[in-house]
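Hi,

Here is the structure I promised to pass on. Have a look at it first, and my notes follow below.

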Amino acid sequence: FLTVLAAAGGLGLSAAAAGLGDDLGGRATVQIVQADPVSRERQATAALAALGRLPGLRSAERVGDAQMTELLEPWLGPEGLGEDLPLPALIDVVMTDPSVDHTPAIVAALRPVAPDARVDDHARSLAPLTRVIAALQWLAAALVLLMATATAAAVVLAARSSLNTHRATIDVMHLLGGTDQQIARIFQRRIALDALFGGMIGLAGGIVVLWLIGRQMGALGSELLGTAALPPGAWVVLALLPLPATLLAMLTARLTIVAALRRIL
């Protein structure tokens with residue numbers, strides 16, 4: 001159960017990081033902050049022309065006044081958006097290569113024709129968030145490894161306890177010609193079935209919790225939280241988690257029992 005939650009957290013953060021990279025890579029916003037509407041429009045027109053000559057440009061589109069009003073209304077309210085409020089001119093810029101920092105080239109192209117232009121690099125603005133996501137991904141991976149270690153430790157304790165409980169039976173099996181490998185196979189089969197059964201229960205509980213959390217996140221209607229949703233491939237990985245857990249339990253049980261039997265003999 002805990003492994004499913006930790007793995008889901010890591011996979012969700014990975015999907016969020018990939019989504020942010022796809023959405024913000026190569027994107028920038030040009031703001032022309034000028035109170036004089038005539039100068040603002042002149043600089044916006046010149047900026048669009050200069051951006052159109054940039055190599056590697058996918059698109060450069062002016063954000064309309066209606067869309068600007070819609071974006072600012074939640075912050076300023078309908079009363080704050082009067083005719084006397086000077087709104088900056090916004091240009092949404094998308095480059096073809098998201099892996100390259102295009103900000104210096106955009107700034108150099110705009111400086112001669114639009115001195116009041118400011119360039120906001122979305123990827124650079126969200127770089128701290130990207131670093132936090134990466135750190136949380138490593139934390140989720142560490143938790144998965146910690147759960148695997150705890151599982152192996154629990155199997156070792158269970159195998160040793162079962163071995164001590166059936167010590168007399170094991171002595172009889174040795175007298176009848178049973179080998180250590182045959183005896184270890186019996187213990188390993190029993191522990192594997194227990195591990196698989198427990199893993200399926202934990203998987204079912206984890207999926208229920210993840211489904212409930214997904215519903216709550218969906219109700220918030222946040223696009224940023226929506227990028228952390230688990231893709232179909234992640235659900236497949238989660239569904240397969242009981243299998244490596246069972247294999248780990250089998251291997252640990254076998255090594256533990258064989259080593260203990262050698263000490264007994």
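How many helices and strands does the secondary structure of the protein chain come to? There are 11 helices and four strands, taken as DSSP runs (H or I, at least four residues, for helices; E, at least two, for strands) and numbered from the N terminus.

Before you read on: this is a predicted model, where local features need pLDDT of at least 70, side-chain atom pairs count only at pLDDT 80 or more, and totals for chains, interfaces and linings use all residues. Residues are numbered from 1 along each chain as its sequence is written, and side-chain values use heavy atoms, leaving out hydrogens and water.

Of the 265 residues in the protein chain, 29% are buried (under 20% relative accessible area, against over 50% for exposed and partly exposed in between, with a 1.4 Å probe and protein chains only).

I spent most of my time on helix α2. The buried residues there are Ser 39, Arg 40, Gln 43, Ala 44, Ala 47, Ala 50 and Leu 51. Seen down the axis of α2, they fall within an arc of 130 degrees, so they line one face of the helix (the arc is that of the directions from the helix axis to the C-beta atoms). Val 38, Arg 42 and Thr 45, on the other side, are exposed. The cover over the buried residues of α2 includes β1, β2, β3, α4 and β4.

Arg 40 is worth a look: this residue of α2 touches Pro 86, Leu 87 and Pro 88, among others (contact means heavy atoms within 4.5 Å).

Cheers

Terms used:
Lists of a residue's contacts leave out its neighbours within four places in sequence.
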